[in-house]
Amino acid sequence: STLMRSSAASDVYKRQVSLSTRELGDVAVVRTGAVAEAKTVYTYEDANVIVTATIEKADAVPDDAKFVVTELNEEEHKADYEATEEELQKYAEEQQIGYTGYVIYDMHFEDAEGNEIEPEEGSVKVAVEYKSAKEISDIESQSADSNVAVLHLDESQNNVNVENVTQNVEVNDNGDVKGAEFEVANFSKIVLAGIGEQYTCLLYT
């Protein structure tokens, strides 16, 4: 009789253990489904360029976000292109520089619905790799790096602030750009600019 009670108690214990294990498993599944965003590298690629964005904080954008890069031109993106040129001209006057040429990009993240989003926190490191060297400047240059800058039009405040965010630029012997690296906290227009002779202001009296 004692043995039977012991056996029955053991069966109850096994069922309880089994039930607890199943419950724990269910909880584990729920917790697994709620894991924070883990993706940090997003890549855009077309026939001409590969652009890789590495975010500092994995949860700054959703894992299913898309990194979008568009090279702007005056015909298809007239308003954005002209507005960017206006800001570049202001920057040239402030910095006393001139441009030998430039390429304007719109870079940003989009969520699953196609809405443009900004990283919620942290910075983003961007690496641009051209499949064939990109001609930026109309003037050939034998000096590497120093004649091409990466400029960012920061629109996070009420006004537009142009900042030089260049970390590294690789050019070939003709001065054409093979790749560039930079880091930003938010996205807007990104400009690869050939920097030429010093800007000169002429005053007439």
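Which side chain is joined to that of Asp106 by a polar contact of 3.3 Å? The partner is His108, whose side chain and that of Asp106 are linked by this contact, and we shall come back to His108 after looking at the protein as a whole. Please keep in mind throughout that the model is a predicted one.

The protein contains two helices and eleven strands, and, read from the N terminus on, its elements follow the order α-β-β-β-α-β-β-β-β-β-β-β-β. Of the 205 residues in the protein, buried ones make up 34%, while the surface that the protein exposes comes to about 12,700 Å², with carbon and sulfur atoms supplying 47% of it. If we consider the contacts between residues at least 6 apart in sequence, 69% of them join residues that are at least 24 apart.

We can now turn to the way in which strands are arranged side by side. Strands of a sheet pair through backbone hydrogen bonds, and this pairing can be either parallel or antiparallel. In this protein, an open sheet is built from five strands in the order β1-β2-β6-β10-β9, and the pairing is antiparallel. Because β1 (41-45) and β9 (166-171) stand at the edges and each has a single partner strand, one side of each is left without a neighbour in the sheet. From one strand to the next, the twist averages 10°.

Two of the pairings in this sheet are worth following residue by residue. Strand β2, which covers residues 49-55, runs antiparallel to β6 and is joined to it by seven bridges, and within β2 and β6 the reader can find Ala53 standing opposite Val126 in β6. At β9, the pairing with strand β10 (residues 177-184) is again in the antiparallel sense and extends over five bridges, with Asn168 placed opposite Glu181 in β10. The hairpin that β9 and β10 form has five residues between the strands, and in this hairpin Gly175 takes a positive phi near 85°.

From the sheet we move to the nonpolar interior. The largest nonpolar core has 33 residues, and those that touch the most other members are Val51, Phe67, Met107, Phe109, Val128, Phe182 and Leu192. Apart from this core lies another one, of 14 residues, which includes Tyr81, Ala149, Leu151 and Val162. When residues up to four places away in sequence are not counted, Phe67 touches Tyr42, Tyr44, Val51, Ala53, Met107, His108, Phe109 and Phe187.

His108, one of the residues that Phe67 touches, brings us back to the opening question. His108 has its place in strand β4 (residues 99-110), and it counts as buried because its relative accessibility is 7%, which is under the 20% cut-off. Besides its contact with Asp106, the side chain of His108 makes a polar contact of 3.0 Å with the side chain of Glu110. Leaving out residues up to four places away in sequence, His108 touches Lys66, Phe67, Val68, Glu116 and Phe187.

A loop residue can be buried as well, and Ser137 is such a case, since it lies in the loop between β6 (124-134) and β7 (148-154) and has a relative accessible area of 13%, so that it falls under the 20% limit. Aside from neighbours within four places in sequence, Ser137 is in contact with Thr100 and Gly194. The C-alpha atoms of Ser137 and Asn174 are separated by 9.5 Å, although these two residues are 37 residues apart along the chain.

Conventions. Residues numbered from 1 in each chain as written. Predicted model: local features only at pLDDT ≥ 70, side-chain atom pairs only at ≥ 80, totals over all residues. Heavy atoms only, no water. Helix = DSSP H or I, 4+ residues; strand = E, 2+ residues; numbered from the N terminus. Buried < 20%, exposed > 50% of the residue type's maximum accessible area, 1.4 Å probe, protein only. Contact = heavy atoms within 4.5 Å. Pairing = 2+ DSSP bridges. Axes fitted to C-alpha atoms, helices over the stretch in contact; angles between N-to-C directions. Areas by Shrake-Rupley, 256 points an atom, 1.4 Å probe, with all protein chains shown as cover. Polar contact = N/O pair within 3.5 Å; in protein donor to acceptor, adjacent residues only side chain to side chain. Core = buried A, V, L, I, M, F, W, Y, C linked by side-chain atoms within 4.5 Å.
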